[in-house]
Amino acid sequence: MHKFRLFPKGEALLSLIWLLFLLIPAIELRPYDTFHTQLLGFLLLIFAFSYRQSLFEGEGFIYWLVMQFFIACFYTFSAGYVYLFMFPAWRMGFSKLSKRVFWTLYAVQLGMMVAGLVMCVVFQIKLEDNLMIMTLIFGVFTVLAPLSGRELFRQQERRKQLYQANQRLESVIRGDERNRIARELHDSLGQSLSVMTIKLELAQKLLEKQSADTVLKELKETEQLSRSTLKTVREIVSNMRKRNLTEELIDVNEALTAAKIILTTENEELIPLLTNLQQTEFSFVLREAVTNIIRHSQATYCSISFVQKNHLLEISVKDNGIGKKNILYGNGLKGMAERLKALQGNMSIMDKKGILLSFSIPIEVEK
């Protein structure tokens, strides 16, 4: 069961402050003694609810924005009040909409705002001087808000992207240290154990001629122990040199940045739940998924999230591109599905205003 949130996590205070601005028209409409003021009051409640819903950027995000446009338009031509357009305009700027959707909504917003003002003049609604000045100020602000908001949001996402890249780099530096230790183990301890094994074999041959059964038995056991230790060292070195998901995310970030696609991730700290083998295999899956986004999606944003559910790690890769209604499994997708099957995991692909790839991998104990 999902925990109910009145506002998005981390944005509660700012969201509440924005909603408090709706008290301005609510107070001006008093005493609500006519059908017209009662209707405006009721629409204001719907507007507040639709604005709150749009904060979560769910599947109905665009519909909640359009509903706000209509209510703001009604307020404009019925009371000369363009103020409400500011809410969806700013929210539209701070969203991960694709270019095509953003500019379409921007055109709808401008069209409805102009239509509301024109109808206000046609119906000869008299505006006081101070209200006319406020209408002009908010009108200009509303025209500029989506553009400035979109640029500020992209800068914010780039800073987040840079921070996440630095976190991955720190993790890789720690990985480099592990590789250094692995080399030391291989070059020193591994070599010593190899020499030990050779010497024990030689001693065994010498003792065979002298029939020293007791010593021979001990030497054989020592030889077996030496071989076992050498095998263990080689396994450690092999595991430590395997590619992990953090390293893959660094390459993915560089590729997406070069394609002018902003990457954001969530819960990267859950990556160590996967074994080295699982991370190595899934790295190829992630690489293929991102390659498809760069080649085909026309996206501007990509998000990768990790969620632990019971004994599964669920990984989703989402873009805000053009999507595809009829998704055909080519060699790339087939290869990804086969790798997931080898990991005893599952893969699904959906068109969610962009492509959503979902993976689930069972969490195993590292052997």
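In the predicted model, R339 is partly exposed, its relative accessible area being 30%. The side chain of R339 forms a salt bridge with that of E281, with an N to O distance of 2.9 Å. This pair connects distant parts of the chain, since E281 belongs to helix α10 and R339 to helix α11 (residues 331-342), 58 residues apart. E281 is likewise classed as partly exposed, at 22% relative accessibility.

Helix α10 also takes part in a second contact of this kind, through R287. The side chains of R287 and E248 meet in a salt bridge at 3.0 Å, N to O. Because R287 lies in helix α10 (residues 276-297) and E248 in helix α9 (residues 245-258), the pair ties together parts that are 39 residues apart in sequence. The two partners differ in exposure: R287 has a relative accessible area of 36% and is partly exposed, whereas E248, at 2%, is buried.

A further salt bridge joins the side chains of K309 and E314, with 3.6 Å from N to O. K309 is partly exposed, with a relative accessible area of 42%, and E314 falls in the partly exposed class at 27%. In total, four salt bridges are counted in the model.

Helix α3 covers residues 35-54, that is, 20 residues. At 1.5 Å a residue, the helix should span 28 Å, and the C-alpha atoms at its ends are 28 Å apart, so the expected and computed spans agree. The buried residues of α3 are T37, L40, G41, L43, L44, F47, S50, Y51, R52 and S54. These buried residues pack against four other helices, namely α1 (12-20), α2 (23-28), α4 (61-79) and α5 (86-93).

On the surface, a nonpolar patch is formed by W103, L136, V140, L144 and L147. Together, the residues of this patch have about 500 Å² of accessible area. Helix α7 (residues 129-210) supplies the largest share of the patch, with four residues. One of the patch residues, V140, is located in helix α7. V140 is partly exposed, with a relative accessible area of 45%; this value meets the requirement of over 30% for patch membership.

Methods:
Residues numbered from 1 in each chain as written. Predicted model: local features only at pLDDT ≥ 70, side-chain atom pairs only at ≥ 80, totals over all residues. Heavy atoms only, no water. Helix = DSSP H or I, 4+ residues; strand = E, 2+ residues; numbered from the N terminus. Buried < 20%, exposed > 50% of the residue type's maximum accessible area, 1.4 Å probe, protein only. Expected span 1.5 Å × (residues − 1). Contact = heavy atoms within 4.5 Å. Patch = residues over 30% accessible without salt bridge, like charges linked within 9 Å, V, L, I, M, F, W, Y side chains within 5 Å. Areas by Shrake-Rupley, 256 points an atom, 1.4 Å probe, with all protein chains shown as cover.
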